[in-house]
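Trainee: Got a minute to go through a model with me? I'd like to poke around in it.
Mentor: Sure, put it up and ask away.

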Amino acid sequence: METISTLTFALMDAPFEASRTTTVLRLIDSALDKGCNINVFAYEGAVYLPFALQEPHANAVHGHDVDEEDHPLPREWIAALIDKAEGKGLTLKWVNCGLCVDERGAHQAIAGVERGSPADFWKMSVGSNNTLVVGTN
């Protein structure tokens with residue numbers, strides 16, 4: 001019987017701030033395709049990645065309305081990854097640092113996101129085959 005690998009990611013960048021976040025979400029998507037369980041620990045500004053109140057916007061500079069702009073929202077990407085994991089019988093555990101949530105007022109997260117602490121990141125890492133920490137500049 002083949003053992004399922006578990007990978008843990010720690011993210012720190014707020015939404016729309018750096019391409020690192022998009023790259024990590026692509027890595028998570030690829031790991032799910034390979035049959036891996038995923039843990040994510042969102043720290044600092046990354047607790048806003050699954051923030052439920054994100055809204056798309058128009059772009060007057062390009063002359064686009066909301067629908068034409070089709071502005072991507074990280075909360076939608078994360079929800080899609082959670083659904084993808086579930087559909088494959090895998091786990092995608094997303095934990096927002098509760099201290100960071102409180103500091104930033106980011107209490108309204110999408111379904112499937114848990115509140116935790118840095119101790120959760122340690123536990124996830126210990127139980128994983130590999131851990132990638134994606135820091136900020």
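Trainee: Which residues does Leu32 touch, not counting residues up to four places away in sequence?
Mentor: Leu32 touches Ile38, Leu81, Lys84, Ala85, Lys88, Leu90 and Leu92. Contact here means heavy atoms within 4.5 Å. Before we go on, this is a predicted model, so local features need pLDDT of at least 70 and side-chain atom pairs count only at pLDDT 80 or more, while totals for chains, interfaces and linings use all residues. Residues are numbered from 1 along each chain as its sequence is written, and side-chain values use heavy atoms, with hydrogens and water left out.

Trainee: OK. Which residues touch the most other members in the largest nonpolar core?
Mentor: Leu32 is one of them, along with Leu11, Ile28, Ile38, Leu92 and Trp94, in a core of 33 residues. The elements giving two or more residues to this core are β1 (6-11), α1 (19-33), β2 (37-42), α3 (74-87), β3 (92-97) and α4 (98-104). With five residues, α1 gives the most.

Trainee: Hang on, what do "nonpolar core" and those element names mean?
Mentor: A nonpolar core is a set of buried Ala, Val, Leu, Ile, Met, Phe, Trp, Tyr and Cys residues joined through side-chain atoms within 4.5 Å. Buried means under 20% relative accessible area, exposed means over 50%, and partly exposed is in between (1.4 Å probe, protein chains only). The elements are DSSP runs numbered from the N terminus: helices are H or I with at least four residues, and strands are E with at least two. As a general point, nonpolar side chains tend to be buried together in soluble globular proteins.

Trainee: So how far does α1 reach from its first C-alpha to its last?
Mentor: It has 15 residues and reaches 21 Å, close to the 21 Å expected at 1.5 Å a residue. The expected span is 1.5 Å times one less than the number of residues.

Trainee: And which residues in α1 are buried?
Mentor: Thr21, Val24, Leu25, Ile28, Ala31 and Leu32. Seen down the axis, the buried residues of α1 fall within an arc of 120°, so they line one face of the helix. That arc is taken from the directions from the helix axis to the C-beta atoms. Ser19 and Arg26 are exposed on the other side of α1.

Trainee: Why would residues a few places apart point the same way?
Mentor: An α-helix has 3.6 residues a turn, so residues three or four places apart point the same way.

Trainee: What do the buried residues of α1 pack against?
Mentor: They pack against β1, β2, α3, β3 and β5.

Trainee: Let's do α3, then. Which of its residues are buried?
Mentor: Pro74, Arg75, Ile78, Leu81, Ile82 and Ala85. They cover an arc of only 125° around the axis, which puts them on the same side of α3. What covers them includes α1 and β3. Asp83 and Gly87 are exposed, on the face turned away from the buried side.

Trainee: New topic! Is Asn96 buried or exposed?
Mentor: Asn96 counts as buried, because its relative accessibility is 2%. It is in strand β3. Beyond its neighbours within four places in sequence, Asn96 is in contact with residues including Ala42, Pro50, Val101 and Gly116.

Trainee: What joins the side chains of Asn96 and Trp94?
Mentor: A polar contact of 3.1 Å. That term means a pair of N or O atoms within 3.5 Å; within protein, one must be able to donate a hydrogen and the other to accept it, and residues adjacent in sequence count only if both atoms are side-chain atoms.

Trainee: What sign of phi does Phe16 have?
Mentor: A positive one, about 70°, although Phe16 is not a glycine. Most residues other than glycine have a negative phi. Phe16 lies in the loop between β1 and α1 and is exposed at 52% relative accessibility. Glu44 also isn't a glycine and has a positive phi, of about 55°; it is in the loop between β2 and α2 (66-69).

Trainee: And where is a glycine with a positive phi?
Mentor: Gly35, just after α1, takes a phi of about 90°. Gly89, just after α3, takes one of about 75°.

Trainee: Last one: where is Leu132, and what does it touch?
Mentor: Leu132 is in strand β5 (residues 130-134). Not counting residues up to four places away in sequence, Leu132 touches Thr8, Phe9, Ala10 and Leu27. Its relative accessible area is 36%, so Leu132 is partly exposed.
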